[in-house]
Amino acid sequence: MTSLRLQAISRAEHLSFVASLPSVSHMQLPSWADVKPDWQAESLGWFDGDGRLVGAGLVLLRPLPKVKRYLAYLPEGPVIDWHVPDLERWLEPMLAHLKRRGAFSVKMGPPVVVRRWSPEAVKAAIADPGAHRLRDTEPTSTEPRAEELAERLRRMGWRQAEAGGEDGFAAGQPRYVCQVPYAGRSLEDVRSGLNQQWRRNIKKAEKAGVQVVRGGYEDLPVFYGLYTETAERDRFIPRPLPYFQRMWTALAAEHPDRMRLYLARHEGEVLAAATMLIVGGHVWYSYGASTSRRREVQPNNAMQWRMMADAHELGAHVYDFRGITDTLEESDHLLGLLRFKVGAGGEAVEYVGEWDFPLNRLLHKALGVYLSRR
């Protein structure tokens with residue numbers, strides 16, 4: 001069995017490898033490093049015995065306060081074949097390299113699906129008074145290889161991370177997402193997957209004269225005004241405007257159609273706005289924002305349907321609504337968001353989650369204490 005060589009690679013090599021694949025996460029693009037200036041970044045490449053680049057990963061390195069040691073994070077990566085029988089051959093050189101770089105802990109998120117629930121299965125789970133969490137209900141399909149992967153990671157010393165936010169050190173991506181499958185489906189097929197409420201709301205918006213248009217960099221402050229209003233209403237801490245401006249500049253520099261902005265207007269006023277990210281055949285609804293005013297004209301449904309239609313026109317194989325809650329409790333304010341996304345014909349998808357490898361157990365434990373006090 002030939003050995004794999006791991007080394008730092010250039011942005012051009014990284015981007016060329018990514019472009020050869022159907023899709024990867026936008027967080028595994030070289031440009032994502034420019035969106036995260038508080039982190040140092042490095043592109044890593046795995047080379048086979050013939051010198052071919054066969055895997056890549058964007059590593060973000062965050063310094064621990066007052067110590068020149070780093071948390072190394074590969075969000076939704078690295079981009080390797082996760083089902084190879086000799087996974088150690090891939091991950092051990094990565095750990096050794098990151099240890100030399102001064103990492104005390106490594107966090108990664110294998111982009112591997114464990115289970116899926118159809119829109120009908122999610123709807124039934126919400127209606128079942130005995131069901132409290134999606135994970136405890138019967139999935140529509142399961143991926144046995146994902147369970148094998150989780151077991152192998154445990155044997156290699158990796159630990160499944162607790163779910164966290166994406167802010168600061170609490171780096172974490174959602175384990176549960178909602179995705180509308182597009183492969184082999186016409187736009188009419190996708191439209192027929194919308195529930196009655198969605199179809200009704202789209203018609204209401206059309207009748208009321210809601211217009212959905214593409215925006216540009218100069219419209220980000222308009223989006224941001226709605227976003228801060230949404231943050232206050234939905235009780236989350238908003239990112240600053242420069243974050244979105246930096247994201248636009250970084251992603252557009254890599255590919256002119258990597259990031260889009262959509263605005264839903266009614267009688268001259270922007271009522272809703274959203275960003276969309278495109279990498280190969282995967283399209284993500286990234287950030288959404290709306291005002292509480294004139295909700296009856298249904299700008300959000302109109303905007304999402306335009307984004308979904310545009311994604312289909314681009315040849316997407318999936319439209320990804322990103323994170324959803326796993327809870328089915330009526331008291332949880334995020335349940336409404338789950339209903340909204342599943343109503344668009346989205347499946348609930350569970351990934352294998354994020355995994356930690358403590359290279360220095362003392363510092364890794366100190367990080368846990370630091371996070372619990374923040």
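A residue is called buried when its relative accessible area is under 20%, and exposed when that value is over 50%. The structure described here is a predicted model. In this model Arg260 has a relative accessibility of 8%, and therefore counts as buried.

Arg260 offers a convenient point of entry. Its side chain meets that of Asp310 in a salt bridge, with 3.8 Å from N to O. Because Arg260 belongs to strand β11 (residues 259-266) and Asp310 to helix α10 (residues 299-313), the pair ties together parts that are 50 residues apart in sequence. Asp310 has a relative accessible area of 12%, so this residue is buried. Asp310 also meets the side chain of Arg306 in a salt bridge, here at 3.0 Å from N to O. Both Asp310 and Arg306 lie in helix α10, where they are 4 residues apart, or about one turn of the helix. An α-helix has 3.6 residues a turn, so residues three or four places apart point the same way. Arg306, at 28% relative accessibility, counts as partly exposed. These contacts belong to a network of salt bridges that links Arg214, Asp257, Arg260, Arg306 and Asp310.

The count of salt bridges in the model comes to 24. Another of them joins Arg322 to Glu76, whose closest N and O atoms are 2.8 Å apart. Arg322 lies in strand β14, while Glu76 lies in the loop between β4 (70-74) and α3 (88-100), so this pair ties together parts that are 246 residues apart in sequence. Both Arg322 and Glu76 are buried.

Strand β4 leads to the sheet. An open sheet of 7 strands, with mixed pairing, follows the order β1-β2-β3-β4-β5-β16-β8. Its edge strands are β1 (5-8) and β8 (159-160), each of which pairs on one side only. Within the sheet, β4 and strand β5 (residues 103-108) run parallel and are joined by 5 bridges. Tyr70 stands opposite Ala103 of β5.

The next element to consider is helix α4 (residues 119-127), in which Pro119, Val122, Ala125 and Ile126 are buried. Seen down the axis of α4, the buried residues fall within an arc of 125 degrees, so they line one face of the helix. Glu120 and Ala127, on the other side of α4, are exposed. The buried residues of α4 pack against three elements: β6 (113-117), α11 (335-343) and β15 (347-351).

Helix α11 also marks one end of a loop that begins after β14 (318-323), and Thr325 is found in this loop. With a relative accessibility of 13%, Thr325 counts as buried. The side chain of Thr325 reaches the backbone nitrogen of Thr327 at 3.1 Å. Leaving aside residues up to four places away in sequence, Thr325 touches Asp332, Leu334, Leu335 and Leu338.

Helix α9 (residues 241-254) completes this account. At 1.5 Å a residue, its 14 residues should span 20 Å, and the end C-alpha atoms are 21 Å apart, which agrees. The buried residues of α9 are Leu241, Tyr243, Phe244, Met247, Trp248, Ala250, Leu251 and Glu254.

Terms used: Residues are numbered from 1 along each chain as its sequence is written. This is a predicted model: local features need pLDDT of at least 70, side-chain atom pairs count only at pLDDT 80 or more; totals for chains, interfaces and linings use all residues. Side-chain values use heavy atoms; hydrogens and water are left out. Buried means under 20% relative accessible area, exposed over 50%, partly exposed in between (1.4 Å probe, protein chains only). Helices (H or I, at least four residues) and strands (E, at least two) are DSSP runs, numbered from the N terminus. The arc is that of the directions from the helix axis to the C-beta atoms. Contact means heavy atoms within 4.5 Å. A polar contact is a pair of N or O atoms within 3.5 Å; within protein, one must be able to donate a hydrogen and the other to accept it, and residues adjacent in sequence count only if both atoms are side-chain atoms. The expected span of a helix is 1.5 Å times one less than its number of residues. A salt bridge is a side-chain nitrogen of Lys or Arg within 4 Å of a carboxyl oxygen of Asp or Glu. Two strands pair if DSSP finds at least two bridges between them.
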